[in-house]
Amino acid sequence: NKVINLYVDAINSTRWNYVLYRRVSILYDEYMKVLEQDYKESASQTEKDAILGEITRYAGNASDNSLRSTDISRSVPKNWLNRVSIYYDLISVGFNSYLPQGIDSVNGAKEVSPYNNVIYYYEAQFDLLEAKPKEATDALRQSLYLNPNHIPSLVVAGDLEYANKNWVSSK
């Protein structure tokens, strides 16, 4: 929390520094993951409710700050990739209402950095969440075309092929 507060103080003194917004969004995201683990390990419902409130607050802060970094500097690929990653993490924790923003951020990221295979990996993940396996497969093909050694894309592509009973290509 101390580090987050230092970043927030820095942001308050220099409101147009997109790097600070991006970095503080990453910190909020990481802290949210720590809280998620605390939530899972807690036995008390009262404690779980308090932790969930904190997770919700940090999720909003992560989202707001990643959005702010792209608003300030739309042409920086790292801002967009961070934004995509933040929305993916928020959805992974259970904030499914962020899916439309995740999809929008993927589209923005592809405009700024169309040759970044990781963006297509995230696009595939969002397509799977929307139950669009064909679109997910297309996004994974693009990811693997750009980087044939991207392990997360290979794993998801293999899982999709296995689910479709394409035993040979799932290896």
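This passage describes the overall fold, the nonpolar core, two of the helices and several charged pairs of a predicted model.

The protein comprises 8 helices and 0 strands, and from the N terminus onward its elements accordingly follow the order α-α-α-α-α-α-α-α. Along the principal axes, the C-alpha atoms occupy a box of roughly 55 × 45 × 25 Å. Of the 171 residues, 42% count as buried, while the surface exposed by the protein amounts to about 9700 Å², of which carbon and sulfur atoms supply 53%. When contacts between residues at least 6 apart in sequence are considered, 55% of them join residues at least 24 apart.

In soluble globular proteins, nonpolar side chains tend to be buried together. In this model the largest nonpolar core contains 37 residues, and Leu 90, Tyr 122, Phe 126 and Leu 140 are those with the most contacts inside it. At least two residues of this core are supplied by each of α1 (2–13), α2 (18–41), α3, α4 (77–93), α5 (99–112), α6 (117–129), α7 (133–146) and α8 (151–163). The largest share, 7 residues, is contributed by α4. Phe 126, when its neighbours within four places in sequence are set aside, is in contact with Val 84, Tyr 87, Tyr 88, Ile 91, Leu 99, Gly 102, Ile 103 and Val 106.

Phe 126 is also one of the buried residues of α6, a group that further includes Asn 117, Glu 123, Gln 125 and Asp 127 as well as Ile 119, Tyr 120, Tyr 121, Tyr 122 and Ala 124. Because 10 of its 13 residues are buried, α6 is largely enclosed by the rest of the structure, and these buried residues pack against α4, α5, α7 and α8. From its first C-alpha to its last, α6 reaches 19 Å, which is close to the 18 Å expected at 1.5 Å a residue. The N-terminal end of α6 is capped by Asn 116, a side-chain oxygen of which lies 3.0 Å from the backbone nitrogen of Val 118. Just after α6, Ala 131 adopts a positive phi of about 60°. In the loop between α5 and α6 lies Tyr 115, which is exposed, with a relative accessible area of 71%. The C-alpha atom of Tyr 115 is separated by 33 Å from that of Ala 10, the two residues being 105 residues apart along the chain.

The end C-alpha atoms of α5 are 20 Å apart, in agreement with the 20 Å that its 14 residues should span at 1.5 Å a residue. Within α5, the residues Leu 99, Gly 102, Ser 105, Val 106, Gly 108 and Ala 109 are buried, and what covers them includes α4 and α6. Asp 104, which also lies in α5, counts instead as partly exposed, at 49% relative accessibility. Although Asp 104 and Arg 83 are 21 residues apart along the chain, their C-alpha atoms are separated by 10.0 Å.

A contrasting environment is found in helix α3 (residues 45–72), where Ser 69 lies. Ser 69 is counted as buried because its relative accessible area is 0%. Beyond its neighbours within four places in sequence, Ser 69 is in contact with Tyr 18, Tyr 21, Arg 22 and Asn 79.

Side chains of opposite charge can pair when their charged atoms come close. The count of salt bridges in the model comes to 10. One of them is formed by Glu 30 and Lys 33, whose closest N and O atoms are 3.3 Å apart; both residues lie in α2, 3 residues apart, or about one turn of the helix. Glu 30 is partly exposed at 41% relative accessibility, as is Lys 33, with a relative accessible area of 31%. Another salt bridge joins Lys 40 to Glu 36, with the closest N and O atoms 3.5 Å apart. Lys 40 and Glu 36 are 4 residues apart in α2 and so are separated by about one helical turn, and Lys 40 counts as exposed at 55% relative accessibility. The side chains of Arg 74 and Asp 71 likewise meet in a salt bridge, at 3.9 Å from N to O. Arg 74 is partly exposed, with a relative accessible area of 48%, and Asp 71 also counts as partly exposed, at 44%. Through salt bridges that share partners, Asp 29, Glu 30, Lys 33 and Asp 89 are joined into one network.

Methods
Residues are numbered from 1 along each chain as its sequence is written. This is a predicted model: local features need pLDDT of at least 70, side-chain atom pairs count only at pLDDT 80 or more; totals for chains, interfaces and linings use all residues. Side-chain values use heavy atoms; hydrogens and water are left out. Buried means under 20% relative accessible area, exposed over 50%, partly exposed in between (1.4 Å probe, protein chains only). Contact means heavy atoms within 4.5 Å. A nonpolar core is a set of buried Ala, Val, Leu, Ile, Met, Phe, Trp, Tyr and Cys residues joined through side-chain atoms within 4.5 Å. The expected span of a helix is 1.5 Å times one less than its number of residues. A polar contact is a pair of N or O atoms within 3.5 Å; within protein, one must be able to donate a hydrogen and the other to accept it, and residues adjacent in sequence count only if both atoms are side-chain atoms. Accessible areas come from the Shrake-Rupley method with a 1.4 Å probe; for residues, only the protein chains shown count as cover. A salt bridge is a side-chain nitrogen of Lys or Arg within 4 Å of a carboxyl oxygen of Asp or Glu.
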